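Me: I have some questions about how certain labels are earned. Please take them one at a time.
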Amino acid sequence: MRPAPRLLSLPWLFFRINALNELQYRVNFFMQLIQSVLALFTALAVLALVFSHTEELAGWSPPELLAVMGVHIAVGGLIRMAIQPNMLRLIEDVREGTLDYALTKPEDAQLLLSIREFRIWQSIDVLVGALVLATAVRWHGEAVGIGGALGFAAAVVLGAVMIYCFWLALTSGVFWIVRMEFIVELFDGVYQAGRWPVTIYPGLLRVAFTFLVPLAFAVTVPAEALTGRLAWDTLLAAATFAAFLVVATRALFRFALRHYSGASA
Amino acid sequence: MDIRVAGLRKTFRVPEREAGLRAALRSLAHRSYREVHAVDGVSFDIPTGEVVGFLGPNGAGKTTTLKILSGLLHVSGGEATVLGRIPARRERELLSRITLLMGNRNQLQWDIPALDSYEMNRAIYRLDPATFRSTRDELVELLDIGDLVRKPVRNLSLGERMKAEIVGSLLHRPQVLFLDEPTIGLDVTMQKRLRSFVAEYNRRYGATVLLTSHYMADVIALCRRVIVIHHGQILFDGALSALSDTFAAYKTITVTVADPLARFDVYGEVTAVDGSRVSIRVGKQDVSRVAADVLRDHPVTDLTIEEPPVEDVIDQVFTGPVTA
């Protein structure tokens, strides 16, 4: 097992390098800000529309659904900040043959290829999501205890790990298929479904959004933790599933890496 | 022995189809593949501190071999070890002591100064700050790029960028260097500078270098030994000076005579007449006889016999013998 400081120091280093890169493009900050605010108002409008017709949705009250929305925005920002850029870079590197340099470095390939890119301006979405979540919790009225806060933190971490594994498993296909850019649209499309609690979806879809694309664990479960709806066995199931995904996707990635052939001579 | 390669094979399975829409549609349902033997039974050893030129036309298997030796590709057969380890295992102990530099690829971050990218390499290679700084400053001085490393990489010229790349690749003072076309696209002055740098690095650190280049000047300047590969197989492995003996079908006899307009084409192909000097291309087996004939038939004041240029010999190896 790699010592913990290394697991933190290397990502921090890449974060710093990426921050240096992105800070040169101030306009991106304003573009992201406008985009985030527009997305927020659209989401709020949809929520308001739904609750103009009903008092609750499949057992979820307006503040609880607002909490789901907050988590959805924040986790979405997290994915676009740290996970998606790395996977897209991996796809590009395999296609262009520029993965060579990363693989000749004396570092765990999966770790290195998962931390190289960081989009700092996407943190705006994380902040917006956090604000929406704070508003929802306040509106909900019930105080969030230590247990709820810890449950929320654990659920977010586990959810992020599962989404990362999902992306890595999909992206590993690039070693065979090469053209994989479509997975961004594929994921974004499916991720939109996470705007609503997965419990409102019918049977098969619910299973798919739990185990196929782990939206339930990434969005619904953290929101449940903050609104007093979380059953602890759900968290245990999340931890077990996350551990399984980590092991399985690592094995898949290592197997896929053996098929790297470089773009050309 | 730093590099050992025995019976190395690498086979790629590549899809292929005929041209046209019908073939494209057919390949959707039934795709056919062809096996390409990029490296086909290659064997060689390179001892510590040797600089070896790895020559061959495009697609000969040079880069594939280099990629296997630097741990990027898994072998299809045979064995390869570098510093006693199997590269494909990507062990930290090995990767910390080798480097792969490709002239047509960048590894430095585009938008920030090279110094920041070097800092990243320091962390990845776990170099202690003092050693890192002294190596970095030494390399920066050797390549004379003091101020350039503070500019964003995107603002550097191709040659400047290449020098900055080289510093980044050598910060960990690798023992084995795999250089794949390091001077490609550079102007003549910059090529010379890089050559003398590689020679100096080899001298200073006793590093082993395996170099591919299409510029024979690189090879002549740096390598006493060359390995010639073609269609994935080794055609020649030996001293650069012995390459001509093995492959050259002709030599050039140059004579200085009072009457350069006399008929010399009876001895062979006259390739140049420069004042009183006449150059005649003669089949290797006829050199002694022709030299004696010329000396007998003409009042010669000087006579030299030269091997053909290495470029011509290499070209001959890949394309078949040239006319004597």
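Me: Which backbone oxygen lies 3.0 Å from a polar atom of the side chain of B:N202?
Reply: The backbone oxygen of B:G49. Bear in mind that this is a predicted model.

Me: Why is B:N202 called buried?
Reply: Its relative accessible area is 16%. Buried means under 20%, so B:N202 qualifies.

Me: Where is B:N202 found, and what is in contact with B:N202 beyond its neighbours within four places in sequence?
Reply: B:N202 is found in helix α7 of chain B, residues 188-205. Its contacts outside that sequence window are B:G49, B:V51 and B:A207.

Me: How do you know that B:D180 has no salt bridge?
Reply: The nearest side chain of opposite charge is B:K62, 6.5 Å away. A salt bridge needs a distance within 4 Å, so B:K62 does not form one with B:D180. B:D180 is nevertheless buried.

Me: What makes the pairing of B:D180 and B:T63 a polar contact?
Reply: Their side chains are joined at 3.1 Å. The cut-off is within 3.5 Å, so the distance passes.

Me: Where is B:D180 placed, and which residues does B:D180 contact beyond its neighbours within four places in sequence?
Reply: B:D180 is in strand β6 of chain B, residues 176-180. With those sequence neighbours left aside, its contacts are B:T63, B:L66, B:L101, B:M102, B:G103 and B:T212.

Me: What domains does the assignment give for chain B, and how far apart are their C-alpha centres?
Reply: The domain assignment gives domain 1 (3-244) and domain 2 (249-306). The C-alpha centres of domain 1 and domain 2 of chain B lie 43 Å apart.

Note on methods. Residues numbered from 1 in each chain as written. Chains lettered and ligands numbered in written order. Predicted model: local features only at pLDDT ≥ 70, side-chain atom pairs only at ≥ 80, totals over all residues. Heavy atoms only, no water. Helix = DSSP H or I, 4+ residues; strand = E, 2+ residues; numbered from the N terminus. Buried < 20%, exposed > 50% of the residue type's maximum accessible area, 1.4 Å probe, protein only. Lys, Arg positive; Asp, Glu negative; His and termini not counted. Polar contact = N/O pair within 3.5 Å; in protein donor to acceptor, adjacent residues only side chain to side chain. Contact = heavy atoms within 4.5 Å. Domains from an automatic or database assignment.
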